[in-house]
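Welcome to a short set of exercises for reading a protein model. Have the sequence and the coordinates open, try each task, and then compare your steps with the worked solution.

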Amino acid sequence: MEEVQTDRIVIVGAGLGALYAALTLAPLPVVMISPDPLGQGASSAWAQGGVAAAMDAGDSPEAHARDTLRAGAGTVDPKVADLVTREAREHILDLTTLGAPFDRTAEGGYVLSREAAHSFARVVRVKGDQAGAEIMRALIERVRRCASIQVIEGVMAEGLEVTEGQVTGVRLVSAAPEGSAPILLRGVAHLMAGGGSSGLYAITTNPPRIRGQVLGMAARAGAVIADAEFVQFHPTAMDVGEDPAPLATEALRGEGAVLINAEGARFMLDVHPDAELAPRDVVARAIFAQGQAGKRPMLDTRAALGARVTEVFPAVSAACARNGIDPVAEPIPVAAAAHYHMGGIATDLDGRSTLPGLWACGECASTGLHGANRLASNGLLEALVYARRAAQSIAVHAKIKDSAAPVELVFAPGGTPLDPETLARLRQTMTAKVGVLREAEGLKDALRTIAALEAQQPTCESLLNITATATLIAAAALLREESRGAHERSDFPATDPACASRSRLTLAEAKALRETLT
Ligand SMILES: Cc1cc2nc3c(=O)[nH]c(=O)nc-3n(C[C@H](O)[C@H](O)[C@H](O)COP(=O)(O)OP(=O)(O)OC[C@H]3O[C@@H](n4cnc5c(N)ncnc54)[C@H](O)[C@@H]3O)c2cc1C
């Protein structure tokens with residue numbers, strides 16, 4: 001395999017975590033690996049709600065931390081919640097300086113939205129639902145102008161080199177559909193910022209590139225993975241046959257839209273006192289149950305919004321129009337969709353993984369902030385806080401020179417692209433057996449299917465990465481014999497106080513469990 005040595009810090013990924021880390025590291029030399037043109041392929045650019053931070057004088061980081069702990073259902077690390085919520089404000093101020101055009105009040109304050117399970121209005125936003133796109137636009141502009149950051153587009157990582165227990169390099173291939181022979185790039189430090197895992201599910205809100213590749217890569221190298229079983233399902237993805245499924249944002253329910261089924265019944269009234277505004281996992285399970293019963297759950301905006309829906313929620317209206325639905329005249333079919341992975345590469349407070357030489361930030365990391373259920377808009381916040389902490393830790397621990405020559409990669413043909421049929425089967429299995437409602441037999445079946453799919457292309461690294469992540473999610477879900485937050489077991493419906501701790505699993509342990517089933 002061709003080998004390339006660089007004095008740069010290698011950042012895998014190009015979402016919010018990666019961009020913010022690279023800017024924090026400047027002027028230290030960085031090379032950023034982006035499979036797509038910057039700004040495309042990242043969940044960050046799709047975020048609609050905004051970033052949670054106690055910006056109002058009447059609010060406090062303590063209240064934000066309390067809400068985070070409550071949403072996390074008993075497994076949030078209080079030290080992490082305290083640290084992240086305390087640092088939140090300074091990151092909003094920094095993003096503002098970097099050019100993020102947050103909505104402002106006439107008096108110059110931040111316009112703050114209130115989201116589910118927050119006790120205060122504390123989500124800073126941009127032009128209603130454009131937070132992710134606009135923050136990314138501002139940071140990309142900065143990154144493009146920053147001389148110390150080299151961005152390589154059209155390339156993706158598929159494996160890590162480990163030498164005597166230390167991460168020393170990353171194997172890269174062309175991101176074109178036909179792939180390429182790999183090149184081993186050895187940097188002075190390696191930061192994983194490759195996003196979440198929800199695209200491993202057939203019904204998902206995540207961009208197609210976000211399939212747990214980077215988590216799987218770290219796990220294959222031996223990193224400990226924390227909280228893998230906790231996947232958050234968004235209750236109201238639009239069930240219109242698009243992959244990924246467009247979001248019917250929670251704000252629609254905030255405006256009074258109701259959930260009905262094919263019989264016209266408002267089923268949430270019997271499920272929770274807050275009905276449509278119940279916590280995300282409760283609504284997701286109710287929608288899933290209606291779907292399973294063949295009752296076709298739908299979001300009805302007609303009485304609450306009428307014709308206003310097109311003007312206030314242009315993204316939702318556009319998705320409806322693409323699919324021949326008129327939300328002014330008819331309800332929108334919805335389904336629960338995999339949305340956010342609370343689990344990931346276990347990190348310490350400085351974003352260090354359990355493998356020396358490897359740091360992680362953003363959704364691919366598991367810091368202990370989210371527990372069993374992420375509080376709305378804490379995802380972007382965690383990416384910001386840990387991107388900076390990881391960058392600062394790298395600057396202290398890695399042997400970095402002040403400048404470095406640009407990396408040059410010329411890929412030769414070769415490699416084993418992932419078979420689309422195999423990917424489709426894996427995603428269907430995850431949705432059917434490792435989804436909203438889980439039970440032991442289904443999880444065991446899923447683990448057997450994942451093993452069989454893995455055996456079909458045993459030298460395809462892209463497949464091995466995603467089957468590693470799928471194995472870890474299913475194995476951790478099988479091992480957690482209780483229901484907690486987003487993890488619901490029909491065979492263990494109660495929360496067990498004895499299980500109120502985070503899970504930590506290596507791929508070797510998850511595979512050993514898988515092997516007992518075959
Ligand atoms: C529709 C939607 C709405 C959301 N709304 C909100 C919200 O309002 N507030 C909030 O806090 N959170 C929200 N989230 C979650 C939030 O957007 C993500 O958690 C966050 O953006 C993750 O940032 P990241 O940098 O870790 O990953 P991403 O932004 O997903 O970036 C990951 C990067 O890694 C790259 N990558 C993937 N695989 C590889 C590989 N093998 N090699 C190299 N690069 C790779 C990708 O191409 C991408 O550039 C939302 C998510 C979605 C999908």
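Two strands pair if DSSP finds at least two bridges between them. Strands (E, at least two residues) and helices (H or I, at least four) are DSSP runs numbered from the N terminus. The model is a predicted one, where local features need pLDDT of at least 70 and side-chain atom pairs count only at pLDDT 80 or more, while totals for chains, interfaces and linings use all residues. Residues are numbered from 1 along each chain as its sequence is written, and side-chain values use heavy atoms, with hydrogens and water left out.

**Exercise 1. A strand with two partners**

Task: Find the strands that pair with E11 in the parallel sense, and decide whether the faces of E11 are covered.

Solution. Start with strand E2 (residues 9-12), which pairs with E11 in the parallel sense over 4 bridges. Within this pairing, Val 12 has Met 192 as its bridge partner. Next, take strand E18 (residues 358-360), which runs parallel to E11 and is joined to it by 3 bridges. Here Met 192 stands opposite Ala 360.

Now look at the faces. In a regular strand the side chains alternate between the two faces of the sheet. For strand E11 (residues 189-192), Ala 189 and Leu 191 lie on one side, His 190 and Met 192 on the other, and all are buried, so both faces are covered. Buried means under 20% relative accessible area, exposed means over 50%, and partly exposed is in between (1.4 Å probe, protein chains only).

**Exercise 2. Order in an open sheet**

Task: Work out the order of the open sheet of 4 strands and say which strands stand at its edges.

Solution. The order is E13-E16-E15-E14, with antiparallel pairing. Strand E13 (231-238) and strand E14 (258-260) are at the edges; each has a single partner strand, so one side of each lacks a neighbour in the sheet. Direction ignored, neighbouring strands of this sheet are turned by 45 degrees against each other on average; the axes behind such angles are lines fitted to C-alpha atoms, for helices over the stretch in contact, and angles run from 0 to 180 degrees between N-to-C directions.

For a closer look at one pair, take E13 and strand E16 (residues 332-341), which are antiparallel over 6 bridges. Gln 232 stands opposite Tyr 340 in E16.

**Exercise 3. A hairpin and its turn**

Task: Describe the hairpin of E8 and E9, and find the residue with a positive phi between the strands.

Solution. Strand E8 (residues 155-163) has 7 of its 9 residues buried, so it is largely enclosed by the rest of the structure. Its antiparallel partner is strand E9 (residues 166-174), joined to E8 by 8 bridges. Val 155 faces Ser 174 across this pairing. The hairpin has 2 residues between the strands, and Glu 164 takes the positive phi, near 45 degrees. Glu 164 counts as exposed, at 83% relative accessibility.

**Exercise 4. Cis peptide bonds**

Task: Locate the cis peptide bonds that join Ala 26 to Pro 27 and Asp 243 to Pro 244.

Solution. Between Ala 26 and Pro 27, omega is about 10 degrees. Pro 27 sits in the loop between helix H1 (16-25) and strand E3 (30-34). Between Asp 243 and Pro 244, omega is about -5 degrees. The loop that holds Pro 244 runs between E13 and helix H6 (250-254).

**Exercise 5. The ligand and its shell**

Task: List polar contacts of the ligand, then ask which element gives the most to the shell around it.

Solution. A polar contact is a pair of N or O atoms within 3.5 Å; within protein, one must be able to donate a hydrogen and the other to accept it, and residues adjacent in sequence count only if both atoms are side-chain atoms.

- An N or O atom in the side chain of Ser 44 is 2.4 Å from an oxygen atom of the ligand.
- A backbone N or O atom of Ala 14 lies 3.0 Å from a ligand oxygen atom.
- A polar side-chain atom of Arg 374 is 3.1 Å from a ligand nitrogen atom.

Taken alone the ligand exposes 1,000 Å², and the protein buries 98% of that (Shrake-Rupley method, 1.4 Å probe; for residues, only the protein chains shown count as cover). The element that gives the most to the shell is H11, with 3 residues.
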